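I opened this one up to see what surrounds the ligands and how the aromatic side chains are arranged. My notes are below the viewer.

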Amino acid sequence: MTAISPRAPAGVIAPGYSKTGIRKSKTSRWRAAALITLNLFMIAHIIQWRIMGKTVSPIEPSETMQTLQGGFVNAGFIFFSLAILATLIFGRFVCGWGCHILALQDLCGWFLKKMGLHPKPFRSRLLVYIPLIAALYMFVWPTAYRLFHNPAHAPLIPKFTNHLVTSNFWQTFPPIAVAIPFLFVCGFMTVYFLGQKGFCTYACPYGGFFGLADKFSPGKIRVTPACNQCGHCTETCTSNVLVHAEVKQYGMVVDPGCMKCMDCVSVCPNDALYFGFGKPTILVPKSDAIRKNYSLTWPEEIIGALVFLGSFLAVRGVYALIPFLMALGWAAVTTFLTVKMWRLFRARELSFYRFNLKSSGRIKKAGWAFAAFACAWIALNAHSGWVRYHEFRGNLAFQKIQVPDELALAQANPARWLPPADREDILQGKKHYEAASSVGFFVNSEALPKQAWFEYLLGNAEQAVQLLGQAAAHQKDESKALSLYYRGAILNRLGRYEEARASLDEALAERADLILARQEKGESLWQLGRKDEAISVWTDAVQRNPRLALANNELAGAKRASGNLEEAAAHEEQADQFTPNDSSYHWVLGRRLQDLGMTELAEKHFKQAGQVDPGNEMPYNR
Ligand code: SF4
Ligand code: SF4
């Protein structure tokens, strides 16, 4: 790295110059205005949605995952595609002028400078690859997974559907209670510990793709012969680019971290820099002449990478709360704190900002304060890792369960005919979920319904009902509706029909299209003697989905009971048309119809179950 020469004009504090003698950037105000406007637009977007109930889908790159996985073409996908295209031509302008997380980082940097704290860049050789790895995981891995391992035989390229307008704007975003710590960790902590662009450099997956696209772009910050290597550009750059050295070596800025903020162009005392088109970075031979000062030795790099991975795995998805991007920002902070702690105990001298942490081998007060904070942070990581491990093992056990839901719900207490392998998985899963919740700081609303299902399968239906109620209290939308539906279904099996009906009504209030909840609600009403209402609910269900074998059978039974044999026959015929030729399925239908007192139809299905598979060990214990 070439030495930075004294600033010019030396020692002069003149209008348009900062205290350091470097010209003030004129573009920084324009950029601040652009970023403030962007944030105001985002707020206006949310307000418009809250008032009108419908709006353009979020203009957020992460929405692209919905397009790649489900074929939902949304505004985020269009924005991200156009942004990458623009970066391929003009370079990484979108990051510098159009990212709300960058705005937050800039705001934090500004606050810190007002407090006399100047964030120092944390420079790592290995961690800089994280954004690209994260981008590949987010945007390429789902398609690659479908290509190589596709048990459900889903199409490689999903069928595209229009999702440009949405009424559920917040669906893919974390709840506000998570969004605030998310912004604090990613916007503030990363800046304080890792430098002004800490999140962009070590965590942002979109930056991974923008950085790659920047290497191909002909649009670059370029230099004229007027440059005298004063270094003002480098000192001003908040992306930690060695501008003076790069322009000397390559005639342009080649670092993909350059976000085209144009500050360097504005502060150059010789007006030697400009934005112009020419050779892209990829066509310029790389030189070893520029040596960067890294913050880590090679052993520290390796330890740092392992710490990053461990911290990321520990916090990502813990309590079903911490989103991917926040986990990346969190892990970057953990890595910094761990390395700094390591040095605190090994180095003779150590400082952090203006704080002297260790001097002549003695840890100072500030050092102990830093150590206390770092230890608390690392301990929180270890605790999250413990909880996450048990949640993960519980989820794994849940995925292994073979017994289908409709079979398990055919009668209360399915425990007595569970296959031994399922029983073992369920016991293991239950043990892990209990371990996670016994030490966890928050309720995991995704684990609770699974834990409830384990309880139900083991014969503890009361416990399952309680857990599902608890889960629903912490959930929203579809997941809440599903918990309430299963709760209602189990209550029906327990014969608590009024409670079941209430739970199913709540499920339908969340998601009116949950047809299975209608089917179950019809059963509650039938058992409560409200037979006309039951028929009306079942009729509604089969109108929404004529292939519902159970609801059609139930309607057939109801019509028979009221002497309407013609309609009964029509429903029976429709039911038979969509009943799979499977003994277990016939048995399930038999059990459910028998519970409703529709014995003739029940007998028919028990008989068919025996005929389809005479050797089946199903519990035909009516
Ligand atoms: S580009 Fe301008 S600010 Fe940067 S080193 Fe050259 S003269 Fe100085
Ligand atoms: S190199 Fe210049 S344009 Fe690029 S980020 Fe740094 S100051 Fe901004």
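These entries cover the ligand shells, the aromatic pairs and one glutamate, and I kept in mind throughout that this is a predicted model.

**Ligand shells**

I started with ligand 1. Its surroundings include C227, C230, H232, C233, H244 and C268, along with N228, Q229, G231, P269, N270 and L273. By class I get six nonpolar, six polar and no charged residues there.

Then I went to ligand 2. I noted C237, C258, C261 and C264 among the residues around it, and I221, S239, V243, M259, K260 and M262 are listed there too. That shell comes out as eight nonpolar, one polar and one charged residues.

**Aromatic pairs**

How many aromatic pairs does the model have? I got 37. I looked at F80 and Y206 in detail: the ring centres are 5.8 Å apart and the planes stand at 75 degrees, so I logged the pair as edge-to-face. It ties together distant parts of the chain, with F80 in helix 3 (residues 75-90) and Y206 in helix 10 (residues 205-216), 126 residues apart. Both F80 and Y206 are buried.

Next I checked W141 and Y145, a tilted pair at 5.7 Å centre to centre with 55 degrees between the planes. Here both residues lie in helix 7 (residues 141-148), four residues apart, about one turn of the helix. Are they buried or partly exposed? W141 has 44% relative accessibility, so I put it down as partly exposed, and Y145, at 38%, is also partly exposed.

I also found one aromatic cluster made up of F122, Y192, F193, Y202, W330, F336, F352, Y353, F370, F373 and W377.

**Charges over rings**

I picked up R50, whose charged end sits over the ring of W49 at 5.5 Å from its centre. I added K531, which lies over the face of W526, 4.5 Å from the ring centre.

**E300**

Last entry: where does E300 sit? I found it in helix 14 (residues 298-315). Its relative accessible area is 9%, and because buried means under 20%, E300 counts as buried. What does the side chain of E300 reach? It gets to the backbone nitrogen of T297 at 3.0 Å. Leaving out residues up to four places away in sequence, I have E300 touching S295, V339, W342 and R343. I also took a C-alpha distance from E300 to F277: they are 23 residues apart along the chain and separated by 39 Å.

Notes. Residues numbered from 1 in each chain as written. Chains lettered and ligands numbered in written order. Predicted model: local features only at pLDDT ≥ 70, side-chain atom pairs only at ≥ 80, totals over all residues. Heavy atoms only, no water. Near = heavy atom within 4 Å. Nonpolar A, V, L, I, M, F, W, Y, C, P; charged D, E, K, R; others polar. Phe/Tyr/Trp six-rings, centres within 6.5 Å; stacked < 30°, edge-to-face > 60°. Helix = DSSP H or I, 4+ residues; strand = E, 2+ residues; numbered from the N terminus. Buried < 20%, exposed > 50% of the residue type's maximum accessible area, 1.4 Å probe, protein only. Lys NZ or Arg CZ within 6 Å of the ring centre and 35° of its normal. Contact = heavy atoms within 4.5 Å. Polar contact = N/O pair within 3.5 Å; in protein donor to acceptor, adjacent residues only side chain to side chain.
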